Amino acid sequence: SDTMAGTAEQLALQATLIADLTARLERDEAEIAANAASAAVDATNMDIGWLITCGALVFFMQAGFGMLEAGAVSKKNVINILFKNLLDGSCAAIGFWLLGYGFAYGDTAGGFIGTTNFGSTLIHNGAGLGENGEISNDGWVSFFFQWAFAGTAATIVSGSVAERTKLEAYIIFSVILTAFIYPVVVHWVWGTGFLSAWGAIPDADGNARPIFSGTDASNGMIDFAGSGVVHMLGGWCGLVGAVVVGPRMGRFDSHTGKPQDMHYYNSTLMALGTFILWTGWYGFNCGSTLSLSGNAGNVAGKVAVSTTIAAAAASLTCVIIARVKDHIFDVGMGLNGILAGLVSITAGCCIADPWMAFIIGVIGGAIYYIAHHLLLRLRIDDPLDAFPIHGVCGCWAVLSVGGFCT
């Protein structure tokens, strides 16, 4: 009986220990779950903060465009060009909010255009709350970040038609571009459109199938930060505008057709504007990771390096070519070379190693120089070289991705 009593006491003690360990395990599991939930919330907030910061940098590029354009036009037209930059941001905000964001990221209609979320009706507090109470992005910051890009696309065009366009006409154009034209292209590539690398109309198995082959051999279009979607679009729209409005009075000799120097450039403002744009471009490219969590921070770091090298390589290329061909050190060529390199690397900045970025930048600088002189030969007046920089180098950028991606 004593043995049985001892055994019972041991069993009771073991049961107590097991219950205590079980309770501790449950408390630890609950604590781990709470910590994981807290970490997820912190990661979400960090990603949102990252996008707000980068979006603000992209919007600050409006100041860069304003200074650059003000330095490239006559004194009497400075107020006009600054007014256009002001209107780009304002028109983009209202137009993109009411229509553009829905056309860009709403539910697709045949892979061509979005059809929902007009006026941001699907964005509200708690929109990102999951079924189990997990917190994610409500959508506010996504609209903010994409609006900054829309404003950039519109501002590119203002440089091409500088000094020859009435404000009323430009307002109409800016609204149409940011509320319809640009959002449709965004939907094709970054939304659920027919070019999208991840969101195209799915096949019977639910896999995205871009237009090119309709099979698993099709990867869709990769344009990481908008060389094609933003810059190429703005550049080609600018070319059309420049052709339609014609050259400025005195830009080309009436007898020989040779280009004439307008002699009113403010190199200080142009340099200030270019360096503001270079700074803002880090928000443009690095921010296109859309997050910092999940190792995206390392991707952003790589993007910053490739962006820097391409800009520097293109600038030096333009300076050297101008020195050899024109026998001068042309600061304008150096400044525009920076922008040409930035546009050239924007599509593939996430996949380009430094040596790739260098080659992309060098080729981008050379392409810009050729396109600049081609426009002059064709007697097309593009005061800011928006088409050579954004249109031509944007085209080179999206093509370069296929040659350098891994």
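# Close-up views of a predicted model

By the distance rule used here, the count comes to 6 salt bridges. The structure is a predicted model, and the legends below take up some of its salt bridges, aromatic rings, surface patches and loop residues.

**View 1. A salt bridge joins Asp20 and Arg24 within helix α1.** In this view the side chains of Asp20 and Arg24 meet in a salt bridge, with a distance of 3.2 Å from N to O. Side chains of opposite charge can pair in this way when their charged atoms come close. Both residues lie in helix α1, where they are 4 residues apart, which is about one turn of the helix. Asp20 is partly exposed, because its relative accessible area is 32%, and Arg24 is likewise partly exposed, with a value of 46%.

**View 2. Asp381 takes part in salt bridges with Arg164 and with Arg248.** The side chains of Asp381 and Arg164 meet at 3.9 Å, N to O. This pair links distant parts of the chain, since Asp381 is in the loop between α9 and α10 while Arg164 is in the loop between α3 and α4, 217 residues apart. Asp381 counts as buried, because its relative accessibility is 2%, and Arg164 also counts as buried, at 17%. In the salt bridge between Arg248 and Asp381, the closest N and O atoms are 2.7 Å apart. Here too the pair links distant parts of the chain, with Arg248 in the loop between α5 (227-245) and α6 (267-286), and Asp381 in the loop between α9 and α10, 133 residues apart. Arg248 is buried, and so is Asp381. Taken together, Glu163, Arg164, Arg248, Arg251 and Asp381 are linked in a network of salt bridges.

**View 3. Phe103 and Phe180 form an edge-to-face aromatic pair, one of 19 aromatic pairs in the structure.** The centres of the two rings are 5.7 Å apart, and the angle between their planes is 85°. The pair links distant parts of the chain, as Phe103 belongs to helix α2 and Phe180 to helix α4 (residues 167-189), with their positions 77 residues apart in the numbering. Phe103 is buried, because its relative accessible area is 15%, whereas Phe180 counts as partly exposed, at 40% relative accessibility.

**View 4. Tyr170 and Phe173 form a tilted aromatic pair.** For this pair the distance is 6.1 Å centre to centre, and the planes are at 45° to one another. Tyr170 and Phe173 are 3 residues apart in helix α4, so they are separated by about one helical turn. Tyr170 counts as buried, because its relative accessibility is 2%, while Phe173, at 24%, counts as partly exposed.

**View 5. Five aromatic residues, Phe96, Tyr101, Tyr105, Phe143 and Tyr182, form one aromatic cluster.** When looking at these rings, the reader may keep in mind that a pair of aromatic rings is described by the distance of the centres and the angle of the planes.

**View 6. A negative surface patch is formed by Glu26, Asp28, Glu29 and Glu31.** Of these residues, Glu29 may serve as an example, and its place is in helix α1 (residues 2-70). Glu29 is partly exposed, because its relative accessible area is 47%.

**View 7. Ile79, Leu82, Phe83 and Leu86 make a nonpolar surface patch.** The area of this patch is about 380 Å². Ile79, one of its members, is found in helix α2 (residues 78-105). The relative accessible area of Ile79 is 62%, and the residue is therefore exposed, since the cut-off for that word is over 50%.

**View 8. Asn117 and Asp385 each have a positive phi.** Most residues other than glycine have a negative phi. The phi of Asn117, however, is near 70°, and that of Asp385 is near 55°. Asn117 is found in the loop between β2 (113-114) and α3 (140-160), and Asp385 lies in the loop between α9 (354-377) and α10 (386-404). Asn117 counts as buried, because its relative accessibility is 11%, and Asp385 is buried as well, with a relative accessible area of 8%.

Definitions and conventions. Residues numbered from 1 in each chain as written. Predicted model: local features only at pLDDT ≥ 70, side-chain atom pairs only at ≥ 80, totals over all residues. Heavy atoms only, no water. Patch = residues over 30% accessible without salt bridge, like charges linked within 9 Å, V, L, I, M, F, W, Y side chains within 5 Å. Areas by Shrake-Rupley, 256 points an atom, 1.4 Å probe, with all protein chains shown as cover. Salt bridge = Lys/Arg side-chain N within 4 Å of Asp/Glu carboxyl O. Lys, Arg positive; Asp, Glu negative; His and termini not counted. Charge placed at Lys NZ, Arg CZ, Asp CG, Glu CD. Helix = DSSP H or I, 4+ residues; strand = E, 2+ residues; numbered from the N terminus. Buried < 20%, exposed > 50% of the residue type's maximum accessible area, 1.4 Å probe, protein only. Phe/Tyr/Trp six-rings, centres within 6.5 Å; stacked < 30°, edge-to-face > 60°.
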